[in-house]
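Subject: Handover of a structure and its findings

Dear colleague,

Please find below the structure that I am handing over to you. I should be grateful if you would look through it before reading the notes that come after it.

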Amino acid sequence: MIMSMTGFAERSFDAPTMRLKIAIKSLNHRFFDWSYKGAAVGDVENRLRVLCQARLHRGRIEVVLDLHHPDPSSWDVTVNEGLMEKILGAVQRASAKLGRELQVTAESLLRIPQIMELRRKEFSPAEIEFLERSFLRTLEDVFKARRAEGRKTAAQLQVHVLNVRKAVQRLEKRVRSHPRLVRQKLRQKVREGNNQVSGSETRLAEEVAYLAQRYDVSEEIHRLKCHLEHALQLIRSTKGDPAGKMLDFLAQELTREANTLNSKSQDIDMTKEGLLIKGEVESIRQQVQNLE
């Protein structure tokens, strides 16, 4: 089943030592592009990225993680007592020198960054497991959103592909009368005194055969049918493999075949069918830009 590249999910989780809020946004991108914002989690971020990439192969993935540790046991508090004594000693010496007592409050001391350090303890294995499990649950919501949008896109794509197939089927019928149309045009030119061919029936037959071969679109129609069949297989696949890039390539190939077909066409109805195909393929091309 094909998936889109856009989706969003946000969830909150509670554990004995932490409160967690995770938001994951997935946007269109040619490759897998990871963006992380929020609480510094060290190596855990790489673990989350690996988990994400195992599920989502393409798209810009923006993750925002809001983390709180209400449990005091999660923190280490360190006071640089030596530095504090040194500062107080310097203040006392200055007071003696100036002849008046200088006041240093605890609040002003604690404002000095080097005096006290507040650092969160390393994540325990249980906390890492909780972070990963919470991330995967949120990611699953994004996965479901991408899959649901992918189903809608697949339905629209199938309509466009089937419209192209119908146009190709009409072209196949029209192509059978192509030599006759070439012959009629050639005769018309002869009658108009164009002098491009002689009046000989043999020469006329040779010219018709040459032009019929030159303007033959059988190969283009065959390739169009092959590309359409491949596109339908990708759209209807239930394997869940990324199909966006391949469908984009097929859309380019369909456009190329339609252009060649139109350049060879000697029939206004065939040209109309070719233009219809190009219009449908352009819709396909726009749709597949959103697919993984």
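The notes below set out what was found, beginning with the interior and ending with individual residues. Please bear in mind throughout that this is a predicted model.

Nonpolar cores

In soluble globular proteins, nonpolar side chains tend to be buried together. In the present model, the largest nonpolar core contains 30 residues. Those with the most contacts inside this core are L157, V161, V168, I221, L247 and I277. Two or more residues come from each of the helices α4 (125-175), α7 (218-236), α8 (244-264) and α9 (268-288). Helix α4 makes the greatest contribution to this core, namely 8 residues.

I221 may serve as an example from this core. Apart from neighbours within four places in sequence, I221 is in contact with V168, L171, E172, V175 and L261.

There is also a second, separate core, which has 28 residues. Among them are M18, V44, L56 and V142.

The cavity

Rolling a probe the size of a water molecule over the atoms shows where empty space is left. Searching the whole structure gives 1 cavity of 30 Å³ or more. The space in the largest cavity comes to about 30 Å³. Its lining consists of V161, A231, L247, L250, A251, L254 and I284. Helix α8 supplies the most to that lining, with 4 residues. Two of the lining residues, V161 and L247, are also listed among those with the most contacts inside the largest core.

Aromatic rings

How many aromatic pairs does the model hold? The count is 1 aromatic pair. The partners are W34 and F135, in an edge-to-face arrangement with 6.2 Å from centre to centre and 65° between the planes. W34 belongs to strand β3 (residues 32-38) and F135 to helix α4, so the pair ties together parts that are 101 residues apart in sequence.

Are these two rings' residues buried or exposed? Burial here requires a relative accessible area under 20%. W34, at 16% relative accessibility, therefore counts as buried. F135, at 0% relative accessibility, likewise counts as buried.

Another ring, that of F143, has the charged end of R55 sitting over it, 4.1 Å from the ring centre.

Individual residues

V159 and H160 may be taken together, since the records of both lead to E280. V159 is found in helix α4, and at 48% relative accessibility it counts as partly exposed. The C-alpha atoms of V159 and E280 are separated by 9.3 Å, although the two residues are 121 residues apart along the chain.

H160 is likewise found in helix α4. At 17% relative accessibility, H160 counts as buried. Leaving aside neighbours within four places in sequence, H160 is in contact with E280, S283 and I284. I284 also appears in the lining of the largest cavity.

E81 has its place in helix α2 (residues 81-98). This residue counts as exposed, at 54% relative accessibility. From C-alpha to C-alpha, E81 and M116 are 8.9 Å apart in space, while 35 residues apart in sequence.

Yours sincerely

Note on methods:
Residues are numbered from 1 along each chain as its sequence is written. This is a predicted model: local features need pLDDT of at least 70, side-chain atom pairs count only at pLDDT 80 or more; totals for chains, interfaces and linings use all residues. Side-chain values use heavy atoms; hydrogens and water are left out. A nonpolar core is a set of buried Ala, Val, Leu, Ile, Met, Phe, Trp, Tyr and Cys residues joined through side-chain atoms within 4.5 Å. Buried means under 20% relative accessible area, exposed over 50%, partly exposed in between (1.4 Å probe, protein chains only). Contact means heavy atoms within 4.5 Å. Rings of Phe, Tyr and Trp (its six-membered ring) pair if their centres lie within 6.5 Å; planes under 30 degrees apart count as stacked, over 60 as edge-to-face and the rest as tilted. A charge sits over a ring if NZ of Lys or CZ of Arg is within 6 Å of the ring centre and within 35 degrees of the ring normal. On a 1 Å grid over the protein atoms alone, a cavity is a set of points where a 1.4 Å probe fits but cannot get out, and a pocket is an open set with protein on both sides within 12 Å along at least five of seven lines; lining residues have an atom within 4 Å of a point. Grid points are joined across faces, edges and corners, and a volume is the space filled by probe spheres set on the points.
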